[in-house]
Amino acid sequence: MIEIKNLKKSFDDKAVLKGVDVTFDDGKCNLIIGSSGSGKTVLMKCMVGLIKPTSGGVLYDGDDFVSMNDVEKKTIREKIGMLFQGGALFDSQTVEQNVMFPLDMFTNDKYAKKKNRVKQVLERVQLKEESYHKFPSEISGGMQKRVALARAIVLNPKYLFCDEPNSGLDPQTSLVIDKLIQEITQEYNITTIINTHDMNSVMEIGDHITYMHQGEKEWEGNNKEIILSENQKLNDFIFASEFLKDAKRMRTIQETGEIPKDMPAGVKDAIEEKLNVDLDGDGHIGSPGKNGPPSKE
Ligand SMILES: Nc1ncnc2c1ncn2[C@@H]1O[C@H](COP(=O)(O)OP(=O)(O)OP(=O)(O)O)[C@@H](O)[C@H]1O
């Protein structure tokens with residue numbers, strides 16, 4: 001668990017974070033959303049120690065990272081995995097070498113043990129052995145993201161930070177990467193924080209969503225609550241963003257009664273709840289057995 005306590009950050013006299021309080025739980029995909037300049041990246045950088053906050057706390061399982069000395073901070077950093085925007089793979093190293101890099105840096109393990117661990121995580125992200133000796137330029141964008149994810153989890157992190165994990169990917173590949181991050185988060189009970197602009201991700205894997213607006217936490221909730229939220233700023237943000245296409249789809253559904261084939265299940269369920277109708281005829285409003293009232297048949 002990571003707790004952010006009254007976190008403030010100013011650059012000169014410009015307040016960028018104005019006292020943020022939020023808790024990110026284990027085993028959950030915690031998404032941070034908000035328009036450009038709202039403070040998402042500064043918040044994430046304060047959490048991993050790349051920026052020193054002006055005041056407030058960042059508690060990793062109860063221990064305040066901000067007030068730790070360098071040795072203590074190192075023990076926390078060793079438990080953090082990071083998936084950078086664009087993947088940030090080393091172009092001149094093979095897939096296997098890229099994933100082995102953190103093991104070379106932070107462990108004294110023998111080569112055979114490291115190789116075995118690399119194989120294990122590459123298998124976990126479903127990368128075929130034939131790509132292990134390829135260079136990043138020789139594999140697709142989706143495969144590069146898998147490699148970057150494998151590298152982020154190779155040291156068994158307790159906390160995983162992902163900055164725009166879907167940037168540059170098509171919607172279908174984005175969904176695959178989202179699902180992979182979600183599965184890994186649940187499987188290893190990781191506290192995962194994802195900075196994203198992708199509303200499909202919000203609907204698919206948003207266990208907990210923090211909406212940032214002008215340096216403040218304006219709203220928090222899950223992917224069902226976000227659709228039903230009456231928060232005006234949040235709704236303005238949602239409808240001004242990529243989600244517009246889903247809003248349009250919603251209108252299409254209302255007008256024609258047809259669900260677009262490529263609509264993610266989470267979006268469909270949320271729209272069912274918003275409209276209070278069973279669009280796909282599965283006998284439920286929202287996801288079966290979990291959310292929403294039973295359909296009125
Ligand atoms: N090192 C810095 N020095 C001065 N101002 C900064 C610095 N880093 C960020 N800022 C300012 O802080 C504000 C918040 O920036 P931040 O990068 O956190 O936004 P964001 O929500 O992540 O936006 P985006 O979605 O575009 O990445 C912006 O006004 C930015 O100019």
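In the predicted model, helices H3 and H4 pack against each other with their axes 9 Å apart and at an angle of about 120°. This angle makes H3 oblique to H4, and the crossing of the two helices is right-handed. On the side of H3, the contact involves Glu96, Val99, Met100 and Leu103, which meet Lys114, Arg117, Val118, Val121 and Leu122 of H4. Sorted by class, the residues of this contact comprise six nonpolar and three charged residues, with no polar ones.

Helix H3, which spans residues 95-106, has the buried residues Val95, Glu96, Asn98, Val99, Met100, Pro102 and Leu103. These buried residues pack not only against H4, formed by residues 111-124, but also against H5. The spacing of such positions can be read against the geometry of the helix. An α-helix has 3.6 residues a turn, so residues three or four places apart point the same way.

The packing of H3 with H5 has its own geometry. The axes of H3 and H5 are 7 Å apart, and the angle between them is about 25°. The two helices are therefore roughly parallel to each other, since an angle under 35 degrees is counted in that way. Their crossing is right-handed. Val95, Asn98, Val99, Phe101 and Pro102 of H3 make this contact with Val147, Ala150 and Arg151 of H5. Six of the residues in the contact of H3 with H5 are nonpolar, one is polar and one is charged.

Helix H5, residues 141-153, also packs with helix H6, residues 171-187; the axes of H5 and H6 come within 10 Å and cross at roughly 15°. H5 and H6 are therefore roughly parallel to each other, and they cross in a right-handed sense. In H5, the residues Gly142, Lys145, Leu149 and Ile153 take part, and they meet Thr173, Val176, Ile177, Leu180, Ile181 and Ile184 in H6. The contact of H5 with H6 contains seven nonpolar residues, two polar residues and one charged residue.

Two loops that adjoin these elements hold residues with a positive phi. Most residues other than glycine have a negative phi, and most peptide bonds are trans. Asn156, in the loop between H5 and strand E7, has a positive phi near 55°. Asn156 counts as exposed because 12 C-beta neighbours lie inside 10 Å, and a residue with 12 or fewer falls in that class. Glu164 is placed in the loop between E7 and H6 and has a positive phi near 45°. With 19 other C-beta atoms within 10 Å, Glu164 is partly exposed. A positive phi, of about 85°, is also taken by Gly49, just after H1.

Helix H1 contributes both to the surroundings of the ligand and to the buried part of the protein. The ligand is surrounded by Phe11, Val16, Gly34, Ser36, Gly37, Ser38, Gly39, Lys40, Thr41 and Val42. Helix H1, residues 40-48, provides the largest share of this shell, three residues. By class, six residues of the shell are polar, three are nonpolar and one is charged. The buried residues of H1 are Lys40, Val42, Leu43, Cys46 and Met47. Lys40 and Val42 thus belong both to the shell around the ligand and to the buried residues of H1. The cover over the buried residues of H1 includes strands E1 (2-11), E2 (14-24), E3 (29-33), E4 (55-60), E8 (191-195) and E9 (208-213).

Contacts between separate parts of the chain are also found at Glu220, a residue of strand E10 (216-221). The C-alpha atom of Glu220 is separated by 4.5 Å from that of Thr210, although the two residues are 10 residues apart along the chain. When its neighbours within four places in sequence are left aside, Glu220 is in contact with Val22, His208, Ile209, Thr210 and Tyr211. Glu220 counts as partly exposed, with 18 C-beta neighbours inside 10 Å.

Over the whole protein, there are 11 helices and 10 strands. The protein has 297 residues, of which 38% count as buried. Among the contacts with a separation of 6 or more, 63% are accounted for by residues 24 or more positions apart.

Key. Residues are numbered from 1 along each chain as its sequence is written. This is a predicted model: local features need pLDDT of at least 70, side-chain atom pairs count only at pLDDT 80 or more; totals for chains, interfaces and linings use all residues. A residue is near a molecule or strand if its C-beta atom, placed from the backbone, lies within 6 Å of it. Helices (H or I, at least four residues) and strands (E, at least two) are DSSP runs, numbered from the N terminus. Ala, Val, Leu, Ile, Met, Phe, Trp, Tyr, Cys and Pro count as nonpolar, Asp, Glu, Lys and Arg as charged, and the others, Gly among them, as polar. Axes are lines fitted to C-alpha atoms, for helices over the stretch in contact, and angles run from 0 to 180 degrees between N-to-C directions. Angles under 35 degrees count as roughly parallel, over 145 as roughly antiparallel, 65 to 115 as roughly perpendicular and the rest as oblique. A crossing is left-handed if the near helix is turned anticlockwise from the far one by less than a right angle, and right-handed if clockwise. Two residues are in contact if their C-beta atoms, placed from the backbone, lie within 7 Å. A residue is buried if 20 or more other C-beta atoms lie within 10 Å of its own, exposed if 12 or fewer, and partly exposed in between; C-beta atoms are placed from the backbone.
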